[in-house]
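Ready for a few short exercises? Take a look at the model below, then work through the tasks one at a time.

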Amino acid sequence: MIQSDMGVVGLGVMGANLALNLSDKGFRLSVYNRTGAVASEFIRAHGQGRAIAVADDLEGLVSQLGSPRVILVMVTAGRAVEGVIEQLLPLLEAGDILIDGGNSNYQDTDRRWRALAAKGIHFVGMGVSGGEDGARFGPSLMPGGAAAAWPVIRDMFQAIAAKVDGMPCCQWLGEGGAGHYVKMIHNGIEYGDMQLIAEVCHLMQHALGLDHDTMADCFEAWNGGRLESYLIQITARILRQRDRDGSPLVDSILDKAGQKGTGVWTAQDALDNAVPLTLISEAVHARMLSARKSERVAAAALLGSVPAVVPEPDRAVYLDALHDALYAAKLVSYTQGFMLMQAAAGKNGWALPFGDIALLWRAGCIIRSRFLGDIKNSFERQPVPLSLLQDPFFAAELRSAQAGWRKAVMLAVGHGIAAPALGSALAFYDGYRCARGSANIIQAQRDFFGAHAYQRIDRDETTRFHTRWMGDGVEEPLP
Ligand code: 6PG
């Protein structure tokens, strides 16, 4: 009996499309789905001429696999993954490889990797991005976990991944939860990019008074330059889509954003690691505020509406400003995302390959963009800049985008239109490039009410001082 190269558990949209992609590349598969009818339909629709066997149960699936067994689990993150692992475990042998390709929390992956390692099973947590089409024709893949698995699975996954100049968007990221961690950051950045674009659309429509075709024209033009990216492209398409009555479809879509959790995890992780991930966190908060639709409707009636739009002759200059604001704020978002990954790498003992991460997001995934090529270049400099904002190329870009960025934020503020991502990015930028900030006041206040002590700019940072603010005003060095 011919043995399959890989087993695929779960034939939802992502599992089915990854299976077809693997099959196209010549790998023999065995597939299993909990609801058997889904597997039967999959084979009926796609099985002809393909080396894909259907298993009725997990025992059957495992018996069809060569050694070591390689099983890709594509079920919903959380309890479903846990359940499949529990069922598979008694059927597996030391050296077998189990891959979770869902959007699992990296801490779960880390725990599973440890628990399975104790039984000799190589567990891999692999981020998969690109949605349905990506999975089918070339996703971005972010594997991490048991390093011993990588030489066995590398060729299969690099064969199906998207490519940039022949380089696969699939590289090993490190042990434990490293792969799912990088996917979580990808999703956080995805939230940020989406929020920025949404804010720009809102300003175009409500502060500049543009119609949807003009907005779409702008996004198409921008896609020919530094902002070239998948999300800009799909936004242009979305803006052109008409509803049944010929009106723009987006105007009939309820303004309440959903979310499945990866953005929240990213923001929580940033707080845990003391990294100022302001833009992504704002994007998560903006989705939460959007969800309070009825409360917002009531507030709109009570608290007033947006003032008139910008006069026509001034619009072109504001459009350029919005372009520059989007570009600069996006750079802040990626800077913060990479800062967080750097902190997490240190904390978890991962040697995350930052340049490769930029490359493996360059194609296949939702945040794919031209800009990621420039980020990769930054990580190849010697020495690597302290942050992307300190990269000579990006610093020059920011200097030229800065005036437009400020103009765009002022447009939002002046028109009473919320632009939390554009605005918080600018606040971060101004805070980051400020050699002498305002935290001296905070330190003085802390010392005033709580004797928390402060350091002085003219002394060594190891020496701390307390002032008797309400007494004789004397300052004392603390032991
Ligand atoms: C991807 C996406 C995908 C994610 C959706 C929905 O990389 O293909 O990140 O994994 O599930 O974008 O996410 P939210 O429902 O949280 O917006």
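**Exercise 1.** Are Y334 and F371 buried or exposed? Work this out, then describe how their rings meet.

Solution. Keep in mind that this is a predicted model. Start with the surroundings: both Y334 and F371 are buried. Next, count the ring pairs, which come to 18 aromatic pairs. Y334 and F371 make one of them, with 5.0 Å from centre to centre and 85° between the planes. An angle over 60 degrees counts as edge-to-face, so that's the label for Y334 and F371. Now place the partners: Y334 sits in helix α14 (residues 315-348) and F371 in helix α16 (residues 371-380), so the pair links distant parts of the chain, 37 residues apart. Finally, zoom out: ring pairs join Y334 and F371 with Y327, F393 and F394 in a cluster.

**Exercise 2.** Find R112 and say what its side chain meets.

Solution. First go to helix α5 (residues 106-117), where R112 lies. Its relative accessible area is 4%; under 20% means buried, so R112 is buried. Then check its side chain: there's a polar contact with the side chain of E82, at 2.6 Å. Leaving out residues up to four places away in sequence, R112 touches E82 and also G78, V81, I85, D100, S104 and F123.

**Exercise 3.** Which residues make a nonpolar surface patch of about 520 Å²?

Solution. Begin in helix α19 (residues 439-450), which holds F448. With a relative accessible area of 44%, F448 is partly exposed. Add F449, W469 and M470 to F448, and you have the patch.

Technical notes. Residues numbered from 1 in each chain as written. Predicted model: local features only at pLDDT ≥ 70, side-chain atom pairs only at ≥ 80, totals over all residues. Heavy atoms only, no water. Patch = residues over 30% accessible without salt bridge, like charges linked within 9 Å, V, L, I, M, F, W, Y side chains within 5 Å. Areas by Shrake-Rupley, 256 points an atom, 1.4 Å probe, with all protein chains shown as cover. Salt bridge = Lys/Arg side-chain N within 4 Å of Asp/Glu carboxyl O. Helix = DSSP H or I, 4+ residues; strand = E, 2+ residues; numbered from the N terminus. Buried < 20%, exposed > 50% of the residue type's maximum accessible area, 1.4 Å probe, protein only. Polar contact = N/O pair within 3.5 Å; in protein donor to acceptor, adjacent residues only side chain to side chain. Contact = heavy atoms within 4.5 Å. Phe/Tyr/Trp six-rings, centres within 6.5 Å; stacked < 30°, edge-to-face > 60°.
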